[in-house]
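I opened this model to look up a few residues and strands, and I note below what I found.

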Amino acid sequence: MVNNFPILVDRIKKDGLSLEGGILKVDSFINHQLDPQLLVDMCHEFNRRFDANSYNKILTVEASGIAPAVILGYITKKPVVFAKKKKPSTMENMLVTEVFSFTKNTTYQICVSGEFLKADDKVLFIDDFLANGKAATGILDLVKQANAHCVGMGFLIEKAFQNGGKLLRDQGIHVESLATISSLDNCTITIAE
Ligand code: 5GP
């Protein structure tokens, strides 16, 4: 069910750009330049949608997920772990999985130290975009490898014309998206109602 957060929708309408190939560019407030006030507003909305007592840790992927994850972590006083896209040589007890990138058209590895993702962890995953759900699926694999539990997934923007949302919801995952885009056809941004 679509549940748009009006402040974000208004900002996408004002400053978002629809590029060829179904890519939404939000570089001026989410992906490159950041609007901290908007991030705080969005993370309060995540905090309304996910019961903070249901999770003990926030997980994200570098780089664009880190800003909202940290702000939600600040609001809820929870630690934030970001999956790394490069395997650090110093990391021990590493959990690794592969992710296909829609925007870059390549496969890459993401990893988390087993020190920071453990069997008793109840994890909330936060990321900027939900497209085909590849990053989210990789995160679910890391959570499974750790024998941890994913209590939900929060995305700033969901592209409903790609199948990630269905893929995750069909698995019974509690998915929340603050803005749902139904189409980027003809380089026009259409917000789902
Ligand atoms: P997925 O893994 O769900 O297929 O894609 C999600 C990831 O791809 C996000 O973390 C984001 O980095 C990137 N992504 C997918 N679609 C878009 C888009 O339209 N715009 C931008 N800026 N990033 C996107």
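These entries cover a strand hairpin, then an aspartate and a histidine.

The model is predicted, so I accept local features only at pLDDT of at least 70 and side-chain atom pairs only at pLDDT 80 or more, while totals for chains, interfaces and linings use all residues. Residues are numbered from 1 along each chain as its sequence is written, and side-chain values use heavy atoms, with hydrogens and water left out.

Entry on the hairpin. I looked up strand β5 (residues 94-101) and found that Leu 95, Thr 97, Val 99 and Ser 101 point to one face and are buried (under 20% relative accessible area, with exposed over 50% and partly exposed in between, for a 1.4 Å probe and protein chains only), whereas Met 94, Val 96, Glu 98 and Phe 100 point to the other face and are not buried. Strands here are DSSP runs of E with at least two residues, helices are runs of H or I with at least four, and both are numbered from the N terminus. β5 runs antiparallel to β6 (residues 106-113), to which 8 bridges join it, and Leu 95 has Val 112 as its bridge partner. Between the two strands of this hairpin lie 4 residues, and Asn 105 in the turn has a positive phi of about 55°.

Entry on Asp 128. I placed Asp 128 in strand β7 (residues 122-130), and its side chain makes a polar contact of 2.9 Å with that of Asn 31.

Entry on His 44. I found His 44 in helix α3 (residues 36-49), partly exposed at a relative accessible area of 35%, with its C-alpha atom 28 Å from that of Thr 103.

How values were computed
Polar contact = N/O pair within 3.5 Å; in protein donor to acceptor, adjacent residues only side chain to side chain. Pairing = 2+ DSSP bridges.
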